[in-house]
Amino acid sequence: MSVDIGPLRKILELEHSRGYSDSAVIGGLDRFLGNWSGPAMALISSRRALSRFRKLGLDKSSYASLTEEQRQKWATDVLDFLTELEHEGERKPGPGTGQKADRPPRTRHPKASTDISPDSPITSVKGISSTLSSKFGKLGVTTIRDLLYFFPNRHLDYSQRQTISQLTQGEEETIVANVWQATETRPGGRRSTEAIVGDETGNVRVVWFNNPYLVRQLTPNMRIVLSGRVRLFNGRYVFESPEWEPWQDADLVHTGRLVPVYPLTRGLYPRQVRKLMKGVVDQWAWQVPDFLPASVREHRNLLELPRAISEAHYPDDNEVKDRARTRLAFDELFLLQLGVLGRKWEWQEGQPGNPLHTNREVLDTFIDSLPFKLTAAQQRVLAELLNDLERPQPMSRLLEGDVGSGKTVVATAGLLMAAANGCQGALMAPTEILAEQHFATISRLLESVAHTDEESSYLHSYSGLLPRPLTLALLIGAIPAAQKRELHRMIRDGEIDIVVGTHALIQKDVEFRKLALAVVDEQHRFGVEQRSSLRQKGHNPHVLVMTATPIPRTLALTLYGDLDLSVIDQLPPGRQAVKTRWLKPEQRRSAYNFLRREIGNGRQAFIVCPLIEESEAVQARAAMAEHERLSREVFPDLTLGLLHGRMSATDKEKVMRRFYAGELDILVSTAVVEVGIDVPNATVMMVESADRFGLSQLHQFRGRVGRGIEQSYCMLMAEDPSDVGLQRLDIIENVQDGFQLAEEDLKMRGPGEFFGTRQSGLPDLRMARLSDVPLLEIARSEAQKVFEKDRNLAKPEHALLLKEMSRVWNTEAGERS
């Protein structure tokens, strides 16, 4: 019996995609390895492999204590080791073969069908070598199940067969014909294949450019199927580089049907992937058990799962293709709803909460001291928050509010109530600089209502608001070790009332005496796992999640179904709108001149580019190349900084800190700047290739400016936008309301992500369109019925559903609830 490396490989690949944040599995990687390593070691027979296992520290993991760079190196070494383990059984050469023991065979064939399941690695499939496997790995495909759910982006309709006499110029056509002759030609100096083919109604010329090798495959009198676009050349029809395959009784793959178009990466080719997928689907789709209860499937007239998977890849016609998509989209939404229902019940009903009495005297004193009056929306949301805090069930609430709507004031009032009840409160932000900004904001709010007794870089103490001193602390990675240890002790002993920090707050050496309220800022940059870890620090504390990304209600109920929803839907009076304009390429020079004038007036600017390195596929300006060009050619006299996702967390913090301090005039950045920096002095946001971003993302970029009292501007550069891109630019130019933009954005998005970043801790949506509200409502309704009847899925008819729920939620979120 061999070691089951699939789960660990999956977790490490997920960890890589999440920037080595120790968020791929709930409780952290160390906890997972503590359970996995013992059984794994028992199955390793090779002394060399066992020695390597221990050398990598898999038996005594300390991943949580490593830096990001150390984690990346360790994960790469472990993945290499797992590949060695995977091939260990195949390395022993047969007598006289001369094959080296350390060289894996090019293609790994399944040992026996009984050993292979949908969760086996794709190298179990005949024809998928470790090299090909690594290419699929870049697309997130590592198991046979992943292949089955590796759905095409679209289908080409080659199903309408014609005779040669019926061909039409400019149309996608399919014919069945005999090859009369095939020769190599050189049009324009390119080695190509040209053939004459014919049927009972006539002959037609076919050309495959840059492909001379087809000459050997197309033999005279061979019967073939051709599918492709027909053009008119010198008065005669010609097929140019069409798809083709021999005519046979078996299913067609490339022609004569609805032909799938799969996403590709370098080293994967359309024909190769189609042929491979056809074999996988034919062999494996029918072996996937249908987990959906028969009553639900029949009530909603849904296809059975094996047929839905098969028809999603190679549909018989458009009608059944749509039915397949509906079934698979329903599955995603149904499983997601069932999971969040379970999680909400577990958090709110499964464990008692810690009710917090509203100390009206402290609250009114705080609110009256504010230099502004709370908006009606802030007052409503604060009332919802306080009502939740007084209940014995722990709060799980999502607070949505546009940039500048005043979420931090509401959160601070909640944290004060925790302190007034003799408990502790925590606020967790995704970056150190955001944590510092929250610390500074809360400090300013408290200074206006209480006397400052003690003040250091990381610790403030205030008197006059509570019967005892109120202590506020900042806990981030940059704090010296000795001070950090002292802060840990003070938190553990209950000497700190409110602590603001980053992910450092959920590390195992941070213990709270009585954590009653946890506030998590920018939830979609933080995972469900981190939120759960923070909860576990206290006696099931109340949790308030804040986001500046406006989310349509239907989407919030889908992605955050475990959270109650509060919305601050109005901005404080007097806040200036950011003037927004879409500029054409010929206006670039005037845009640069305007930017220079603003900097001359003592302001700062952002320039955002969508890619990290040049790509021919996407004609977008890369941040590194743009920074180099701008520094050398456009603004040689100004100071420019660079920020992108491949920089270490430390380097990112350094750059953002310099920009915040005014040491940089312009910050050139990729989309990482979308969340995490508040620079009141920045008045210009210039977005390159703006048509490539979604509306919500553009709105987040725009929200980086307009934080001070000066008029701010957002310039959107787009060289050749598509129709959809034009529509987006027109909307963002004329609409300032984030919630209206979010609704528009949702209407315009297809399947997949709304935020542009994967929802950490939630199952991925491959087929579900979040704009498909009717299907979303049906899935929620059916999930609620199942949950009410059998919350734990203990009934025999739900056995497969329980297994699927465990698989889906374990893969993405660690545990179902």
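Accessible area here comes from the Shrake-Rupley method with a 1.4 Å probe. Keep that in mind for the surface number. One caution before I start: this is a predicted model.

Right, the overall picture. The accessible surface of the protein comes to about 36,500 Å². Carbon and sulfur atoms hold 48% of that surface. The protein has 817 residues, and 54% of them count as buried. For secondary structure, we have 26 helices and 23 strands. Now the contacts. Take those with a separation of 6 or more: 69% of them join residues 24 or more positions apart.

Next, the inside. In soluble globular proteins, nonpolar side chains tend to be buried together. Here, the largest nonpolar core has 78 residues. Which of its residues touch the most other members? They are V499 and L544. Helix α14 gives this core its largest share, nine residues. Look at L544 a little longer. Setting aside neighbours within four places in sequence, L544 is in contact with L385, M395, R397, L399 and A411. The list goes on with L517, A518, V519 and V520. There is also a second, separate core, of 60 residues. Among its members are I128, I144, A324 and L336.

Let's turn to a helix, α10, which spans residues 305–313. Is α10 largely enclosed or largely open? Eight of its nine residues are buried, so the rest of the structure largely encloses α10. The buried ones are L305, P306, A308, I309, S310, E311, A312 and H313. What do they pack against? Three helices are on the list: α6 (144–148), α8 (270–284) and α11 (318–348). Strands β1 (154–157) and β8 (258–261) complete it.

Now a single loop residue, M222. You will find M222 between α7 (214–217) and β5 (223–233). Buried or exposed? M222 has a relative accessible area of 18%. The cut-off for buried is under 20%, so M222 counts as buried. Its contacts, beyond residues up to four places away, are A177, N178, V179, Q217, W244 and P246. M222 also pairs up in space with W247: 25 residues apart in sequence, 8.5 Å apart C-alpha to C-alpha.

On to the second largest pocket. About 1,300 Å³ of space lies in it. Its lining has 45 residues. Nearest the centre are G404, T441, R575, D678 and R707. By type, the lining divides into 18 nonpolar, 17 polar and ten charged residues. Which helix supplies the largest share? That is α15, with seven residues. Helices α14 (407–420) and α15 (432–447) each supply at least two. Remember α14 from earlier: the largest share of the 78-residue core comes from that helix too.

Last stop, Y660. This residue lies in helix α21, residues 649–660. Y660 has 43% relative accessibility, so it counts as partly exposed. Leaving out residues up to four places away, Y660 touches I433, Q437, D678 and V679. Pick out D678 from that list. Y660 and D678 are 18 residues apart in sequence, with 7.6 Å between their C-alpha atoms. And D678 is one of the residues nearest the centre of the second largest pocket.

That's the tour. Questions, please.

Key
Residues numbered from 1 in each chain as written. Predicted model: local features only at pLDDT ≥ 70, side-chain atom pairs only at ≥ 80, totals over all residues. Heavy atoms only, no water. Helix = DSSP H or I, 4+ residues; strand = E, 2+ residues; numbered from the N terminus. Buried < 20%, exposed > 50% of the residue type's maximum accessible area, 1.4 Å probe, protein only. Contact = heavy atoms within 4.5 Å. 1 Å grid on protein atoms, 1.4 Å probe; cavity = no way out; pocket = protein on both sides within 12 Å on 5 of 7 lines; lining within 4 Å. Points joined across faces, edges and corners; volume = space filled by probe spheres on them. Nonpolar A, V, L, I, M, F, W, Y, C, P; charged D, E, K, R; others polar. Core = buried A, V, L, I, M, F, W, Y, C linked by side-chain atoms within 4.5 Å.
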